[in-house]
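Got the viewer open and a hand on the mouse? Let's go round this one stop by stop, picking a selection each time and seeing what is there.

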Amino acid sequence: AAPVQPEPYGYLAKVYSYVKSYNAAWDAYSSFRAFGGTPDERQLEQIVTLGRTLGYEFFAREDFECALEYYLVAYSYAPDDQELNLQIARSYLGNNQANLASVYLRRLDAKHSDDYSRYLETANNQLFYGQNASDAFEFGIKQYYLGNLGNARDSFAEATRLDPNFQK
C-alpha cells in the first residue's frame, strides 16, 4: 500500500526480528533506512543485534568480507559496542587487513579495561611478517597450549621459513 514509505518496512523488520527471520528482517531494515526511516530505540537494538548475528554467521564460515558488511552497518549505529569493534577487528585480521584491524583494536584498548594486546600482537605480526607467517605462528601457539609440541614446533619452523626475520 505504501511501497516508498519507511514505516511499513520498519514494522515488517520488527515482526521478522520477533519471529527470528533474520535475513528478512535485515532486508526490511535496509529498505526502511533507504526510504529515509529513522530507527527508534528498539529498532536500533534490533539492527545492532541482527548485524552481530548475521555477521557472525559469515565470520564463522570465514567469509570475512560479508561479515564486515553486516558488522559495519551495526557499528554505524553503535560505534562504542565492544563486541562489534572486536568482531570488526577480527574480520579485518582474517581478511589480511591488519592496518584496519589495528584501528579498532587500539580504540578498544584505549576505551576498555579488557586486554586486547593479543589481538594487537596478531595485527602487528601480520603487518610485519605477512599473513601466512603470522597464521603459522598463531597455529603454533594454539598447538603449544593444546600440548601438541611437535605440531607447534613445525608451525613455528614454517613461520620462520616464510619470513626468516620472524624470531618470536
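Does phenylalanine 58 count as buried or exposed? Select that residue and have a look before reading on. Bear in mind that this is a predicted model.

**Stop 1: the rings of α3 and α4**

Phenylalanine 58 counts as buried, because its relative accessibility is 18% and the cut-off for buried is under 20%. Now add tyrosine 70, which counts as buried too, at 16% relative accessibility.

Show both side chains. A search of the whole structure finds 13 aromatic pairs, and phenylalanine 58 with tyrosine 70 is a stacked one, with 5.6 Å from centre to centre and 15° between the planes. Phenylalanine 58 belongs to helix α3 and tyrosine 70 to helix α4, so this pair ties together parts twelve residues apart in sequence.

Next, select phenylalanine 59 and phenylalanine 64. Their ring centres are 5.4 Å apart and the planes are at 65°, so this pair is edge-to-face. Both phenylalanine 59 and phenylalanine 64 are buried.

While you are here, click on glutamate 62, in the loop between α3 and α4. Its phi is near 65°, a positive value in a residue that is not glycine. Glutamate 62 is exposed, with a relative accessible area of 59%.

**Stop 2: leucine 72**

Move to leucine 72, in helix α4. Leucine 72 counts as partly exposed, because its relative accessibility is 30%. Draw a C-alpha to C-alpha distance to glycine 51: the two are 21 residues apart in sequence, and 8.0 Å apart in space. Beyond residues up to four places away in sequence, leucine 72 touches Ile88, Tyr92 and Tyr104.

**Stop 3: the largest nonpolar core**

Ile88 is a good handle for the next selection. Together with Leu105, Ile88 has the most contacts inside the largest nonpolar core, which has 34 residues. Helices α2 (22-34), α3 (41-60), α4 (64-77), α5, α6 (98-111) and α7 each supply at least two residues of this core. α4 gives the most, with seven residues.

Now put leucine 105 in the middle of the view. Setting aside neighbours within four places in sequence, leucine 105 is in contact with Leu86, Ala89, Leu93, Tyr119, Leu120 and Ala123. There is also a second, separate core of five residues, including Ala133, Ala136, Ala159 and Phe166; we'll come back to that neighbourhood.

**Stop 4: along α6**

What does serine 102 touch, not counting residues up to four places away in sequence? Select serine 102, which sits in helix α6. The contacts to find are Leu120, Ala123 and Leu127. Serine 102 counts as buried, because its relative accessibility is 1%.

Then pick arginine 107 and tyrosine 104. Arginine 107 lies over the face of tyrosine 104, at 5.1 Å from the ring centre. For another view of a charge over a ring, jump to arginine 33: its charged end sits over the ring of tryptophan 26, 5.7 Å from the ring's centre.

Before leaving, select asparagine 96 in the loop between α5 and α6. Asparagine 96 has phi near 60°, another positive value in a residue other than glycine. At 45% relative accessibility, asparagine 96 counts as partly exposed.

**Stop 5: helix α8**

Select residues 131-145, which make up helix α8. α8 has 15 residues and reaches 21 Å from first C-alpha to last, close to the 21 Å expected at 1.5 Å a residue.

Colour the buried ones: Gln131, Ala133, Ser134, Ala136, Phe137, Glu138, Gly140 and Gln143. As you turn the helix, remember that an α-helix has 3.6 residues a turn, so residues three or four places apart point the same way. Which helices help cover the buried residues of α8? Bring up α5 (82-94), α7 (117-129) and α9 (149-162), which are among what covers them.

Ala133 and Ala136, buried in α8, are among the residues of the second core. Phe137 has company of another kind: ring pairs link it with Phe128, Tyr129, Phe156 and Phe166 into a cluster.

End on glycine 147, which follows α8 and has a positive phi, near 85°.

Conventions
Residues numbered from 1 in each chain as written. Predicted model: local features only at pLDDT ≥ 70, side-chain atom pairs only at ≥ 80, totals over all residues. Heavy atoms only, no water. Helix = DSSP H or I, 4+ residues; strand = E, 2+ residues; numbered from the N terminus. Expected span 1.5 Å × (residues − 1). Buried < 20%, exposed > 50% of the residue type's maximum accessible area, 1.4 Å probe, protein only. Contact = heavy atoms within 4.5 Å. Core = buried A, V, L, I, M, F, W, Y, C linked by side-chain atoms within 4.5 Å. Phe/Tyr/Trp six-rings, centres within 6.5 Å; stacked < 30°, edge-to-face > 60°. Lys NZ or Arg CZ within 6 Å of the ring centre and 35° of its normal.
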